[in-house]
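Hi,

Here is the structure I promised to pass on to you. Have a look first, and then read on for my notes.

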Amino acid sequence: MSSASRAWIVATSIGVVEALKDQGVCRWNSALRSMQHHTKANLRSYSQAKKISASQYSKNMLKHEKLKQSEESLRTVMYLSCWGPNN
């Protein structure tokens with residue numbers, strides 16, 4: 001495509017957008033504000049979900065550590081009762 005035809009396409013596109021803006025069909029500010037509001041709301045809920053999942057992860061890790069400690073204690077008791085120094 002030649003540069004002259006590209007220039008005509010760009011000029012026509014700008015003319016159409018300006019005509020629509022003059023008629024009030026294209027309300028760019030309200031559309032942009034709506035998109036910004038929607039994006040902020042979704043990002044906020046995403047970050048909250050991320051925080052919740054991080055706290056849930058840490059709780060699960062604490063439970064896992066406690067379980068490992070109790071299993072180790074049980075192993076120690078079983079070892080000492082079966083093969084300890086008194087037997």
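**What turned up**

Of the 87 residues in the protein chain, 2% count as buried. Please keep in mind as you read that this is a predicted model. The accessible surface of the chain comes to about 8,100 Å², and carbon and sulfur atoms account for 63% of that area. As for secondary structure, the chain has 2 helices and 0 strands.

Helix 2 covers residues 28–83, and my other notes begin with a salt bridge there. The structure holds 1 salt bridge. Glu72 pairs with Arg75, and their closest N and O atoms are 2.9 Å apart. How does the helix place these two partners? Glu72 and Arg75 are 3 residues apart in helix 2, so about one helical turn separates them. Glu72 itself is partly exposed, since its relative accessibility is 44% and the partly exposed class runs between 20% and 50%.

The other item is a nonpolar patch on the surface. Which residues make this patch? Tyr79, Leu80 and Trp83 do, and the patch measures about 400 Å². Leu80 lies in helix 2. With a relative accessible area of 47%, Leu80 counts as partly exposed; that value is over the 30% that a patch residue needs, so Leu80 can be part of the patch.

Happy to go through any of this with you whenever it suits.

Best wishes

Definitions and conventions
Residues are numbered from 1 along each chain as its sequence is written. This is a predicted model: local features need pLDDT of at least 70, side-chain atom pairs count only at pLDDT 80 or more; totals for chains, interfaces and linings use all residues. Side-chain values use heavy atoms; hydrogens and water are left out. Patches are made of residues with over 30% relative accessible area and no salt bridge: like charges are joined within 9 Å, nonpolar side chains (Val, Leu, Ile, Met, Phe, Trp, Tyr) within 5 Å. Accessible areas come from the Shrake-Rupley method with a 1.4 Å probe; for residues, only the protein chains shown count as cover. A salt bridge is a side-chain nitrogen of Lys or Arg within 4 Å of a carboxyl oxygen of Asp or Glu. Helices (H or I, at least four residues) and strands (E, at least two) are DSSP runs, numbered from the N terminus. Buried means under 20% relative accessible area, exposed over 50%, partly exposed in between (1.4 Å probe, protein chains only).
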